[in-house]
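Q: Could you take a close look at how the two chains meet in this model? I would like to see the cut-offs behind each term as you go.

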Protein chains: 2
Amino acid sequence: MSEQEEQSFFKKEISRREMLKIAGIGGAGIIIGASALPGVLNALGANPFVDDDPSAENKVNFYGKHQSGIATKDPEHVYFVSLNCTARSKAELKEMFKVWTNQSAELMNGRLVEPYSSNTLMPPADTGEATGLDASHLTLTFGVGPSLFEKKELGLQHMKPKELKDLPHFPKDQLDPDYVGGDISIQACADDPQVAFHAVRNLVRSARGKVTMRWSQTGFNSYEMKGKRKQTPRNLFAFKDGTGNPDVDNVKEMNKHVWVQAGDSKSWLSGGTYMAVRRIQMHLETWDRTALSAQEATFGRHRDSGAPLGKKGEMDDMGLDRVENGSPVIPVNSHVYLAKQVKDRILRRSFSYSDGVDRKTGTFDAGLLFISFQKHPKQFINIQNSFGRVDKLNEYITHRGSALFACFPGVKKGSYLGAELFV
Amino acid sequence: MSEQEEQSFFKKEISRREMLKIAGIGGAGIIIGASALPGVLNALGANPFVDDDPSAENKVNFYGKHQSGIATKDPEHVYFVSLNCTARSKAELKEMFKVWTNQSAELMNGRLVEPYSSNTLMPPADTGEATGLDASHLTLTFGVGPSLFEKKELGLQHMKPKELKDLPHFPKDQLDPDYVGGDISIQACADDPQVAFHAVRNLVRSARGKVTMRWSQTGFNSYEMKGKRKQTPRNLFAFKDGTGNPDVDNVKEMNKHVWVQAGDSKSWLSGGTYMAVRRIQMHLETWDRTALSAQEATFGRHRDSGAPLGKKGEMDDMGLDRVENGSPVIPVNSHVYLAKQVKDRILRRSFSYSDGVDRKTGTFDAGLLFISFQKHPKQFINIQNSFGRVDKLNEYITHRGSALFACFPGVKKGSYLGAELFV
C-alpha cells in the first residue's frame with residue numbers, strides 16, 4: 001500500500017459506521033492491521049490522519065476560529081462534566097490537551113477515539129458504545145476554571161485573567177458543594193445522549209491520573225419544528241428559553257457580546273469566551289399550582305406564544321415602558337424586565353434536566369442546567385444581580401450549582417486545545 | 001355548532017401541534033370557548049371525545065388487547081416512576097385510574113391532558129412543556145406492586161396473585177432502599193425525553209393526594225440504523241442488549257413467554273404481564289481496564305457483531321455445547337451461558353442511564369435500567385438465580401434497585417385501566 005492508500009484505508013477503518021462492515025470479515029470483531037497505531041497517535045501530539053471529514057454524516061467541524069458547542073445551534077442533549085486537575089506539571093497538562101485534541105477531532109467525525117488493536121489481550125482503545133452511531137452533531141467545548149491557576153505545580157499563575165474568579169454569592173443562592181466549581185470543564189452536546197456520554201467517558205479515560213471527575217450533569221432540549229426550522233425550546237415551566245439571544249450567525253453581535261477580543265483579557269483567551277454554569281432546581285409542583293396569569297406575569301411573556309405580555313409574536317419588541325391603566329404592562333419584578341433593565345447581553349444555551357425524585361421532599365428533582373456564554377463574566381453577574389431578591393421567579397427556583405470557566409479559542413489545524421495558554 | 005362539529009372542533013383544539021396556531025389568533029395564548037370542560041372530562045370517567053386518532057403524527061395506540069410499551073419496539077427514552085399509594089379507598093383508586101385512562105389516551109395522541117380553560121386565574125390544566133411537540137411514539141405502561149394489596153383500606157387483599165411478591169434477595173444484591181419497591185408504576189417511553197417527562201408529571205399531578213413519588217429513573221437507547229431498521233441497541237459495556245428476545249410480532253411466542261393467559265394467574269391479569277425492574281450500576285472504569293478477550297468471555301459473545309463466540313452473526317445459534325481444544329467455546333461462567341442454561345425466556349426492554357458522578361468513588365454513576373416482561377416472575381427469578389455467584393459479569397456490575405409489578409391488560413374502548421381489578 002502507498003502512504004496515500006494507507007491513510008485512506010485508515011479513515012475507513014476508524015469510522016464507527018464503516019467499522020462493523022470491515023469487522024464482519026474477520027468475524028471476531030477486531031480490525032487486523034492497526035496494531036502499530038494506538039499510543040503512537042497520542043505521542044505524536046497532532047494526529048496527521050485527523051481532519052474535518054466532509055463526508056462524515058451529521059458532523060460539526062472541530063477545527064475553526066472558535067470552539068464548537070457555543071455558536072452551534074439547537075443542541076439536543078448535553079453531558080457536562082467538571083473535573084479536578086491532578087496533573088503534576090504543565091507538560092503533563094499540555095500533553096493531555098494534545099491527546100484530547102486528537103480524540104475530539106476523531107469523535108466529532110463520528111469515529112473511534114483510536115483504532116482498535118489486533119491484540120485482544122489489551123483493553124479496547126475505544127469503549128465502543130457508540131459503535132454504529134454517526135457523529136450525531138457532537139460538539140465538544142473545553143474550559144478552565146479559576147482554581148486551575150492556583151495550582152503552583154502547573155506554573156500558570158501569571159496567565160490567570162483577573163476576571164476569571166468564582167462567581168459571587170447571589171442573594172437567593174443555596175449552593176450544594178457537590179455541584180460547585182471545577183478546574184477543567186467539558187461540555188459534550190449531541191443529537192444522541194449515548195454519543196455525548198461516549199465522548200466524555202473516553203476523554204476522561206485517556207486522561208487518567210491527570211483529572212478526576214468532580215461533578216456532572218446531563219440535560220436535554222426538545223424542539224417544536226416549523227418545516228425544518230427548530231423553534232426556541234421550552235423549559236420545564238413551559239416557557240421558551242433563549243428568545244433574546246444574540247444572533248449566532250451575526251459576527252458583529254457575537255464579537256460584541258460573546259467572543260473575547262484582543263485586549264479584552266489575557267491574550268490566550270482571544271477568540272474564546274466565558275462560560276457560566278448554574279444548576280437551577282425548578283419547583284414544578286409549586287409552579288403547577290400557580291395561575292396562568294401569575295406564571296405569565298412572572299416571566300413577563302405569554303407562555304404559549306413566547307410574546308412579550310400584550311403582544312403577539314415571540315420576537316416582538318419588549319416595549320418595557322408600556323403602561324396600561326396606570327400600570328406597567330411588563331411587571332417591574334418580572335424575570336424579563338429585570339434581565340432587560342441592564343444593558344448586558346449573554347448567549348443562553350441551557351438544557352432541562354430531570355434527576356429523579358428529591359429524597360427530602362418527594363418532589364421532582366428537575367430544572368435547568370443554565371449555561372451562558374459571554375465575553376466577560378460581569379455580563380452574567382450584572383443580570384443575576386438585577387434579579388437579586390426582586391425577581392418574581394425566585395419563588396419557584398433554587399440555584400443549587402455554580403461554576404465559571406474560560407473557554408479556549410478554536411483550534412487551528414496542526415495546533416491543539418489551549419496551545420496559547422501552555423506556551 | 002352541532003355535536004359532531006363540536007367534537008371535531010375539540011379534537012383540533014387540544015392537539016399540541018394545532019393549539020399554537022389557534023392560540024395565535026387570540027394573542028394571549030389561551031383557547032377561548034373551552035371553559036366548561038376541565039374537570040368535566042374527568043368526572044365522566046370515560047372520555048367520550050378521546051379515541052385513537054389515526055391522523056396524529058408518530059403515535060402509538062392507547063387502546064388494545066395489551067398495554068403499550070411492552071411489545072412496542074425500539075424505545076428511545078424512558079421516564080420510569082415508582083409511586084406510593086395514599087388513596088383511602090378502592091373508589092378513590094378506581095377514580096384515579098379512570099382519569100389516567102383519559103389522560104393517557106390524550107397524551108398518546110399528542111394532545112394536552114385537558115383543554116385549557118379561558119380562566120387565566122386558574123393554573124393551566126396541562127403543564128405545557130410538550131406544547132408544539134407531537135406524540136413522539138409515547139407509550140404508557142401501568143402496573144401495581146405487591147404492597148398495594150396489603151393496604152387494608154383498599155380492600156384488594158383477595159385479588160393479589162400469589163406470585164406477585166417482592167423479588168427474592170439474589171446473592172450479589174446491594175440494594176439501596178431509595179430504589180426499591182413501589183405500590184404503582186408508570187413507564188413512559190418516547191422518542192423525546194421531554195414528552196415522556198411531561199406525561200409522568202401530568203399523571204402524577206392529577207393524582208395528587210392519591211399517590212406520592214417513591215423513586216424514578218430516566219434512561220435511553222441509541223440505535224444503529226440499517227436502512228430504516230433499528231438494530232439491537234448497545235449497553236454502556238458496548239455489548240448488544242436484547243438479542244435473544246422473543247419476537248414481539250409473533251403472537252404464539254408472546255403468549256408463551258410474556259402475556260398472562262386465562263388460568264395462569266388472577267383473572268384480572270389475563271392479557272397483562274409481570275414487569276421486573278432492576279437498577280444495575282455498571283462499573284465502567286473497571287470494565288474499561290479489561291482486555292477485549294475477557295470482556296467477550298464475560299458475555300459469551302463478540303462485542304462488535306454481537307455473535308456468539310466463534311460465530312459471525314448476531315442471530316446465529318448459540319451452540320452452547322461447542323468444544324474446542326477440550327474447552328467449551330462459550331465459557332460456562334459467561335452471562336449468556338448461564339442465561340440460556342435455564343429454559344425460561346423473558347422480554348428484555350432495558351435502557352442505559354447516566355446519573356452523574358458517584359459521590360463516594362468519583363466514578364460514573366451509570367448503568368442499566370433493566371426492565372423485563374414475563375408471564376410469571378419465576379422466569380426472571382430462575383435466570384437471575386442461574387447467574388448467582390457464578391456469572392463473570394458480577395465483577396463489573398452491582399444491582400442497586402429492584403421492584404416487581406403486575407401490569408394490567410390493555411384497555412377496551414369505553415373501559416379504563418385496571419377495570420378488571422377494581423370491579
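A: Happily! Let's start with the contact itself (heavy atoms within 4.5 Å): chain B and chain A bring 75 residues each to it. This is a predicted model, in which local features need pLDDT of at least 70 and side-chain atom pairs count only at pLDDT 80 or more, while totals for chains, interfaces and linings use all residues. Residues are numbered from 1 along each chain as its sequence is written, chains are lettered from A in the order in which they are written, and side-chain values use heavy atoms, with hydrogens and water left out.

The buried area (accessible area lost by two parts on being put together, 1.4 Å probe, summed over both) is about 5900 Å² between chain B and chain A, with 54% given by carbon and sulfur atoms.

Between the chains there are 4 salt bridges, each a side-chain nitrogen of Lys or Arg within 4 Å of a carboxyl oxygen of Asp or Glu. B:D288 forms a salt bridge with A:R201, their closest N and O atoms lying 2.8 Å apart. On the side of chain B that touches chain A, the elements that give two or more residues include α5 (193–206), β4 (211–220) and β12 (364–374) of chain B; helices here are DSSP runs (H or I) of at least four residues and strands (E) of at least two, numbered from the N terminus. By class, that side has 31 nonpolar (Ala, Val, Leu, Ile, Met, Phe, Trp, Tyr, Cys and Pro), 24 polar and 20 charged residues, where Asp, Glu, Lys and Arg count as charged and the others, Gly among them, as polar.
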